[in-house]
Amino acid sequence: MISVEDISIQFSGEYLFHSVSFKINPSDKIGIVGPNGCGKTTLLRILAGEIEPESGSINFQKGIKIGYLPQDYISEVIDEYLFDEVYKANQEIYELENLEKEILKKLETSQDKNLIEKLGSVQLRLHQLNPEIYKSEIVKVLLGLGFSEKDFNRKLSEFSGGWRVRVAIAKLLLSNADILLLDEPTNHLDFDSLEFLISYLKKFRGALLIISHDTHFLNSVTTKTLGFSFGKVIMFNGNADEFYRYQETQRNQLLLEYKSQQKRIKHIERFIERFRYKATKARQVQSRIKMLEKIEAIEIPDEEEAISFNFEDIPKSGKIVLTLENVSKSYGEIQVFKNLNLQIDRGDKIAVVGVNGTGKSTLAKIMADVETINSGKKSYGHNVIIGYYSQNLIEELDLNQTVLETVEYIDPEKTQAQIRKLLGCFLFEGEDVFKKVRVLSGGEKSRLVLLKILLKKSNFLILDEPTNHLDHQSKKVLQDALIDYEGTLVIVSHDVDFVNPIVNKVIEVKNKGIKLYYGNLDDFVRLKKADEEISVSDKQKSSKTTEQSINQRKLQKRLEAEKRQRFYSLTKNLKKKINFLEQEISELEEKKKELEQLFSQPDKVSPDRNIFNEYKEISEKIDHYIEEWSQLSEEYSRIEKEIFKDED
């Protein structure tokens, strides 16, 4: 379908990629991965015909129809209604219907046989295309991408940039393209619309070429990977995770070969150096020199750069970090939250999910104290230091400052050398630190804002879609840092693979309120499905046949078993710690009693033993263990109450 042969392109004298060749077959589902700046977007732009390669050629199948979504998509603000604009996606139906109207208009004043024949041909083709089915498909796609039926008759100018990106995605899905080129299509999607897009693309009959840093998305949709790695581009049979494993294996193998070759070279060089001036060894020396010249040196590519950081010296907050009591929030007549209640404790790591427009970002802003509430009470615990990240903060950067000026005064304890070292970890190296913010890409600005948060040493981090502009390696390092982060974390993200290892709770924002789930996003999906099954079974109670009653009991038993298993899974480690502490406290209490008896029998105590210090240390240990036991027991009870609350 498309054959790419030896294409190359360079900017400022440096090749982004060189002599790249690959083929795209009908129905291929290909993910494109690689570090930021390696040329992924440039490759898509070349395939879309926006720019020309410096050399090489691209051969397209005759009549091929290509759909392209650029990463920084900006739509024209037009006064067209949503449904009408999306309807234009199928150009053939749209143009045929307009032609039909024109012919019918002419036939009002003329009975031209040619017009009548033409009308028959147009109507036959329209019958074959079946516009009514097309309309139902539009409804399915728009609802799946998060629009409501009320939105269908809203003008595009009323929607934000993110929603207009969804309009562009809808039009591409409905365009009957032979191949879709999608550059970061998930950046503006919520959890539900992402799952819809995955499901739709898996059934898409044409070819796909997708750039995405969302590994879960790529793994779900693609079966091939075009990998930018260490200056080369390879087509790999497998999804993104399989490619990354292959990449690591290849690098390890290359490293072993490199070390072996270096050992051999040094051995030959030592021989040459040792016997260079001995006439009896001249022939052997010359032989070794020729041998050395023939060795094709193995080169180890530089490690691909990625963010590398950790959260240092995080101050400890109080046990309760944030409490929201009967909080309500409205924008004009639109109510977002009504009587919302929530308590966040130290060490909580919470994912916030929900359909776009339900208030996820508003909730994050309320938590971060950058948004006021209309009623209710919001209170922070002792020594809470907030660090808040959102895409909007990028807009607040001073465009006239340099990268270095943006961050150098945030932490006065750090020297400029230390700041520059940190900037290097965020891929701002050498002269890059003197770049003006105005010339930075979206990804670079995101990294700069993240660095500002790091320098602030916050113990309550609130991150709203922090990974949209980070590549695979950068996300992995940020993920590792957040896993080890000792503060409290709230993260709004649809990136399942990124969030899953980090969080221990999930908040679903829905119907002007929230619902708390214990566990990660996988647990959330499973528990939500179980709740939906219960809801469905409740609706069927009116039908009381024997079979339904049996199925109801089976379902209830299975759900109860799932609850017990979930409770065991969540409390297993807690229970172990509680039992351990109880045993330790009991043993220490016995030792304390023994020491109390010795206080009245000083003659039984050896002169070099200080039983008062022992008594003090044991008492302090007991107090510490009791405090820890109390916290763990409280957490155990809270989990038990949350999971079995419907059985009270």
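I take a cavity to be a set of grid points where a 1.4 Å probe fits but cannot get out. With that in mind, I went through this predicted model and found four cavities of 30 Å³ or more.

**Entry on the largest cavity.** I looked up its volume first and noted about 60 Å³ of space. Which residues line the largest cavity? I listed Glu184, Thr186, Asn187, His213 and Asp214, together with Thr467, Asn468, Lys475, His494 and Asp495. Sorting this lining by class, I counted six polar and four charged residues, with no nonpolar residue among them. I then asked where the largest cavity lies with respect to the domains. Because domain 1 (1–65 + 177–238) and domain 4 (320–530) both contribute residues to its lining, I placed the largest cavity between them.

**Entry on the second largest pocket.** Turning to the pockets, I noted about 970 Å³ of space in the second largest one. Its lining has 31 residues, and those closest to its centre are Arg346, Gly347, Asn504, Leu632 and Glu635. I checked which elements give two or more residues to this lining, and they are helix H19 (546–599) and helix H20 (611–643). H20 gives the most, with seven residues. By class, I recorded 13 charged residues in the lining of the second largest pocket, along with nine polar and nine nonpolar. As for domains, I found that domain 4 (320–530) and domain 5 (564–645) each supply at least three residues to the lining of this pocket.

Key
Residues numbered from 1 in each chain as written. Predicted model: local features only at pLDDT ≥ 70, side-chain atom pairs only at ≥ 80, totals over all residues. Heavy atoms only, no water. 1 Å grid on protein atoms, 1.4 Å probe; cavity = no way out; pocket = protein on both sides within 12 Å on 5 of 7 lines; lining within 4 Å. Points joined across faces, edges and corners; volume = space filled by probe spheres on them. Helix = DSSP H or I, 4+ residues; strand = E, 2+ residues; numbered from the N terminus. Nonpolar A, V, L, I, M, F, W, Y, C, P; charged D, E, K, R; others polar. Domains from an automatic or database assignment.
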